[in-house]
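These are my notebook entries on one structure, written down in the order in which I looked things up. I begin with a pocket and then work outward to the sheets and the helix.

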Amino acid sequence: MALDLYAGIPVTDHQAAPAWYERLFGSPPVYGDGETEAVRESAGHRRVFVEVCPERAGRVMSTVFVDDPEAGVAGRGIAPAGRGACPGGVREAVFRGPEGAGFPFGGASR
């Protein structure tokens with residue numbers, strides 16, 4: 001079974017968000033209209049879009065799972081707003097976007 005992911009992050013100000021999310025994901029958008037939407041590919045067939053949607057801004061309900069929740073973002077000028085442990089041996093580092101939305105990165109405990 002093939003698996004694709006297309007997750008969204010709502011924002012109110014599309015002009016303020018792109019630079020922060022470029023640092024978070026470590027790459028520029030792969031496509032989008034440049035006015036209201038920017039789409040990044042986090043891995044093959046897994047995309048995250050940042051889109052102007054004021055009524056939902058500041059509320060992210062996604063977690064990106066990686067080998068090391070902090071190492072992938074280290075050196076990009078973004079520090080986690082919080083760290084924690086979740087059931088099942090998962091570590092989590094939460095990064096807060098320009099509008100306050102927490103975007104968690106999770107990974108297996110070591």
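## Entry 1: the pocket

I looked up the largest pocket and noted a volume of about 160 Å³. I should keep in mind that this is a predicted model. Which residues line the largest pocket? I wrote down Gly-8, Ile-9, Pro-10, Phe-49, Glu-51, Cys-53, Arg-56, Arg-59 and Met-61. When I sorted the lining by strand, I found that S1 and S3 each supply at least two residues, and that the largest share, three residues, comes from S1.

## Entry 2: the sheet of three strands

Since S1 and S3 had come up together, I next checked how they are paired. They run parallel and are joined by seven bridges, and within this pairing Pro-10 stands opposite Glu-51 in S3. Both Pro-10 and Glu-51 are among the residues that line the largest pocket.

I then followed S3 to S2, where I found six bridges between strands that run antiparallel. Here I met Glu-51 of S3 again, now with Glu-37 opposite. The hairpin of S2 and S3 has two residues between the strands, and in it His-45 takes a positive phi near 65°.

Putting these pairings together, I drew an open sheet of three strands in the order S1-S3-S2, with mixed pairing. S1 and S2 are the edge strands, each pairing on one side only. I also noted that neighbouring strands of this sheet are turned by 20° against each other on average, with direction ignored.

## Entry 3: the helix on the sheet

H1 packs on this sheet, where it touches S1, S2 and S3, and the direction of H1 makes about 0° with that of S2. Which residues of H1, the helix of residues 17-25, are buried? My list has Ala-17, Trp-20, Tyr-21, Leu-24 and Phe-25. Seen down the axis of H1, these buried residues fall within an arc of 120°, so they line one face of the helix.

I then asked what covers the buried residues of H1. The cover includes S1 (5-11), S2 (37-43) and S3 (46-52), and I also found S4 (64-65), S6 (90-96) and S7 (102-108) there. After the helix comes Gly-26, whose phi is positive, near 75°.

## Entry 4: the sheet of four strands

S4, S6 and S7 led me to another open sheet, in which four strands stand in the order S4-S7-S6-S5 and the pairing is mixed. S4 and S5 (82-86) are at its edges with a single partner strand each, so one side of each is left without a neighbour in the sheet. Between S5 and S6, which run antiparallel, I noted five bridges, and the bridge partner of Gly-82 in S6 is Val-94.

## Entry 5: one residue in S6

I ended with Ala-93, which lies in strand S6. Is Ala-93 buried or exposed? I entered Ala-93 as buried, because its relative accessible area is 0%, and buried means under 20%.

Leaving aside neighbours within four places in sequence, I found Ala-93 in contact with Pro-69, Glu-70, Pro-80, Gly-82, Arg-83, Phe-103, Pro-104 and Phe-105. For one of these, Pro-80, I compared the two kinds of separation: Ala-93 and Pro-80 are 13 residues apart in sequence and 5.8 Å apart in space, C-alpha to C-alpha.

Key
Residues numbered from 1 in each chain as written. Predicted model: local features only at pLDDT ≥ 70, side-chain atom pairs only at ≥ 80, totals over all residues. Heavy atoms only, no water. Buried < 20%, exposed > 50% of the residue type's maximum accessible area, 1.4 Å probe, protein only. Arc of directions from axis to C-beta. Contact = heavy atoms within 4.5 Å. Pairing = 2+ DSSP bridges. Axes fitted to C-alpha atoms, helices over the stretch in contact; angles between N-to-C directions. 1 Å grid on protein atoms, 1.4 Å probe; cavity = no way out; pocket = protein on both sides within 12 Å on 5 of 7 lines; lining within 4 Å. Points joined across faces, edges and corners; volume = space filled by probe spheres on them.
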